[in-house]
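User: I'm new to this one and would like to learn how to read it. Could you walk me through it step by step?

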Amino acid sequence: MSRVNQLKDTLFVGDRKGADIYGRVFVVSAFGGITNLLLEHKKSGEPGVYAHLANASNDHGWHEALTRVSAEMQRVHREVLEHPGDIEQADAFVSERTHGARNCLIDLQRLCAYGHFRLSEHMLQIRELLSGLGEAHSAFVTTILLQRAGVNARFVDLSGWRDEGNVTLDERIAQAMEGIDPHTEMPIVTGYAQCAEGLMREFDRGYSEVTFSKLAALTGAREAIIHKEFHLSSCDPKLVGEHAVKKIGRTNYDVADQLSNMGMEAIHPKAAKTLRQADVPLRVTNAFEPEDPGTLIDDRQAEAPAVEIVTGLDIVTLELFEQDMVGVKGYDTAILDVLTRHNVRIVSKVSNANTITHYLDASLKTMRRVEKDLAEIYPTAEITTRTLSMASVIGRDLNGLSVLQRGLVAIAEAGETAIGASQGPRNVDVQFIVERESLQPVIKALHGAFIEEEVAAPLSRAA
């Protein structure tokens, strides 16, 4: 979104003329870095307005943080808007929204000064209020940018700003889209939608794709398109080189789910489910190469077995060994209950007669709490955690490719060691467990064996 001015002449308009410009609805996220300032930094954890409000013992922190957000929003839209009148409109929009949010939070704090009300009970609503500021800002700025370029763009605000709050997501979208004709207007829709379900309760920052998929399903879209800054490729080009990666032309929702499990989301699994059930195909494209068709994701099976993607993820292993476990039920259930209570995401797991090992996407701080709880339940068990990584080879159909065997050979030939490996009977992914420092060379080795060699082989035969 921070390069939306560049997209004006490619993605939004390009070589389209007249009515060809329309027939599309755009769902936008916040400008880069704004949500981090509103909530907390996604990677570093540096507090934003929300975190300051939740943790601080005085009001100075969140007030100053909100002032920083306002200044940053104005800085960002000044980089994409050129006309003084547009900048003035955007400045006024930021001032009105941030001033309103500040007053709302002040009033809430005053209310919670009375013993009958507790601020902690309203933190989810505060998180949603703040998050919606970012999407509303980017949608508004994009709308006036396009209007200045002669496009009949329309700002569609789903954030619930001063609106009725007790409506479902379907109702929120239906009410906002009522009276809009996408064939003569270009709706620019906020990625955040305020609704009775509370999107952030389940999806946290993944709400934009949920809104996007629901909008596509409700409007009967011919196709849902996610515009990214890069193509969906066989591997991270920064890791194996742009010359080595292969753009994926087509895959299915099963592969998309496996990517999500590895922290490499093409789309949130719940959003994919909405599109799949509505029979709406998904396309992932490079926003800066609009002439390229990108990657089509649907329910179609592969025409022939092939590896499509090699990726990896840092994980923490949780191993519970209990000599008396064999033949006794309940161990796995108890572990799952503890992991659920601490909101730990399970990537994969393996077990044998007396050991259950979970591969988890979690912090060590959280794992210490998990270990403590499990030790209370199973005082005689040996419970250990370890930081490792997982490399995964993914494809719609891996049958007959001997991925497990060939993968272990490729890892060994690269001078690395696999601590563990597993392959399910559905043959859509194979996972290799390695030391953290080995992840990148292992991914390169696997990509070389399954993508680069497979691409080179037909070329050599043709020569």
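Analyst: We'll go from the whole chain to one helix, and then to a few single residues. This is a predicted model, where local features need pLDDT of at least 70, side-chain atom pairs count only at pLDDT 80 or more, and totals for chains, interfaces and linings use all residues. Residues are numbered from 1 along each chain as its sequence is written, and side-chain values use heavy atoms, with hydrogens and water left out.

User: How many helices and strands does the chain have?

Analyst: Helices (H or I, at least four residues) and strands (E, at least two) are DSSP runs, numbered from the N terminus. Here the chain has 16 helices and 13 strands. Its radius of gyration, taken over C-alpha atoms, is set against a globule rule of 2.2 Å times the number of residues to the power 0.38. The chain comes out at 25 Å, close to the 23 Å that the rule gives for 463 residues, so it is as compact as a globular protein of that length. Along its principal axes, the C-alpha trace spans about 70 × 65 × 35 Å.

User: What share of the residues count as buried?

Analyst: Buried means under 20% relative accessible area, exposed means over 50%, and partly exposed is in between (1.4 Å probe, protein chains only). In this chain, 49% of the 463 residues count as buried. For contacts, the cut-off is heavy atoms within 4.5 Å. Among contacts with a separation of 6 or more, 74% come from residues 24 or more positions apart.

User: Now a single helix. Which residues of α7 are buried?

Analyst: In α7, residues 169–177, the buried ones are Leu169, Arg172, Ile173 and Met177. They sit on the same side of α7, because they cover an arc of only 115° around the axis. That arc is the one of the directions from the helix axis to the C-beta atoms.

User: What do those buried residues pack against?

Analyst: Their partners are β2 (153–156), β3 (186–190), α8 (199–203) and α9 (207–218). After α7 comes Gly179, with a positive phi near 85°.

User: Which residues other than glycine have a positive phi?

Analyst: Most residues other than glycine have a negative phi. Asp279 has a positive one of about 60° although it is not a glycine, and Asn427 has one near 55°. Asp279 lies in the loop between α12 (269–277) and β6 (282–286), while Asn427 is in the loop between β12 (420–423) and β13 (429–434).

User: Is Asp279 buried or exposed? And what about Asn427, buried or exposed?

Analyst: Asp279 is exposed, with a relative accessible area of 68%. Asn427, at 14% relative accessibility, counts as buried.

User: Which residues does Gln258 touch?

Analyst: Start with where it sits: Gln258 is in helix α11, residues 253–261, and is buried at a relative accessible area of 16%. Not counting residues up to four places away in sequence, Gln258 touches Ile394, Val428 and Asp429. The C-alpha atoms of Gln258 and Val393 are separated by 9.8 Å, with their positions 135 residues apart along the chain.

User: And where is Asn5 found?

Analyst: Asn5 is in helix α1, residues 4–12, and is partly exposed, with a relative accessible area of 27%. Leaving aside neighbours within four places in sequence, Asn5 is in contact with Glu79, Val80 and Leu145. His358 is 353 residues from Asn5 in sequence and 46 Å from it in space, C-alpha to C-alpha.
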